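Me: Let's go through this one together. I'd like to hear how the chains relate and how the protein meets the DNA.

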Protein chains: 2
Amino acid sequence: MENISENIRTQMRKGLLEYCILRILSNEEAYASSIIEALKGAKMIVVEGTLYPLLIRLKNQQLLSYRWEESTQGPPRKYYMITDKGREQLAEMDAAWNELVESINHLKK
Amino acid sequence: MENISENIRTQMRKGLLEYCILRILSNEEAYASSIIEALKGAKMIVVEGTLYPLLIRLKNQQLLSYRWEESTQGPPRKYYMITDKGREQLAEMDAAWNELVESINHLKK
DNA sequence: TTCAATACCTTGTATCACAAAGTACAAAAA
DNA sequence: TTTTTGTACTTTGTGATACAAGGTATTGAA
């Protein structure tokens, strides 16, 4: 645990990654690398070793599905898409997130 | 895990409890039960088994200190207070939280 | 056919929150 | 006095999550 400030951020992120993935996939299909890029764009840095198990988890919960697609450069890609059940879950997560923000704001007063 | 919605909230809270404790103690000294009450007021429900180890952890990191105080009803209480180092950490956590909120907002667009 | 690039996956570890217990103390009740 | 009740503090075991550091497989170019 070399960098304390990084650790704070890592811990705060916990439990929010699933939410972020669902949010990203609510707009478009994507495969792992493009999801990582999207997360980077939001400054939610994540490594492959974190993302892959997470995607598998979400797929097993039937919140995501995927299809294989050939790539022009390299091996085929697994494109993930959100399911109806995933959208329901996303709605719940939106609510949970909003409550969390309210909770923190309440403690800031 | 029986209640999925609860689990979502539990996971989202992860890493934020330390932040909440420091925020609460930034205004006033408090002992465990009163901290739990404050968290309840913000709808961040937490149980003793979570809070006590957390307080000990924060104390070992020298972000908190405490003093014993007699109680009119029951055994003495451990009143915790934030240290200077704790206030520095709190400032970092404020920044981390703000960035996190921005990250999520970014993904919502 | 070897190599580099890309994509996907697995294993071991640390951290955190919770559930469910237990210990210690003080004041009221028996 | 002894027992009970209420309050406060603590510990142990479990499950979930993110990360680091590896590995496997496919493709196309050198």
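Here is a short run of questions and answers on the symmetry and the DNA surface.

Reply: Before we start, this is a predicted model: local features need pLDDT of at least 70, side-chain atom pairs count only at pLDDT 80 or more, and totals for chains, interfaces and linings use all residues. Residues count from 1 along each chain as its sequence is written, chains are lettered from A and ligands numbered from 1 in the order in which they are written, and side-chain values use heavy atoms, leaving out hydrogens and water.

Me: What relation links chain B to chain A?

Reply: Superposed by least squares on C-alpha atoms of residues with pLDDT of at least 70 in both copies, chain B lands on chain A with an RMSD of 0.1 Å. The move is a turn of 180 degrees with a shift of 0.0 Å along the axis. That makes it a two-fold axis.

Me: Which residue of chain B has the C-alpha nearest the axis?

Reply: Its C-alpha sits 2.9 Å from the axis. The residue is B:Lys14.

Me: How many residues surround DNA strand C?

Reply: A residue is near the strand if one of its heavy atoms lies within 4 Å of it. Among the closest are A:Arg77, A:Lys78 and B:Thr50. The total is 29.

Me: Which residue puts a polar side-chain atom 3.1 Å from a base nitrogen of DNA strand C?

Reply: Polar contacts here are pairs of N or O atoms within 3.5 Å. A:Lys14 reaches a base oxygen at 2.9 Å, and A:Tyr52 a phosphate oxygen at 2.9 Å. For the base nitrogen, the residue is A:Glu48.

Notes. Polar contact = N/O pair within 3.5 Å; in protein donor to acceptor, adjacent residues only side chain to side chain.
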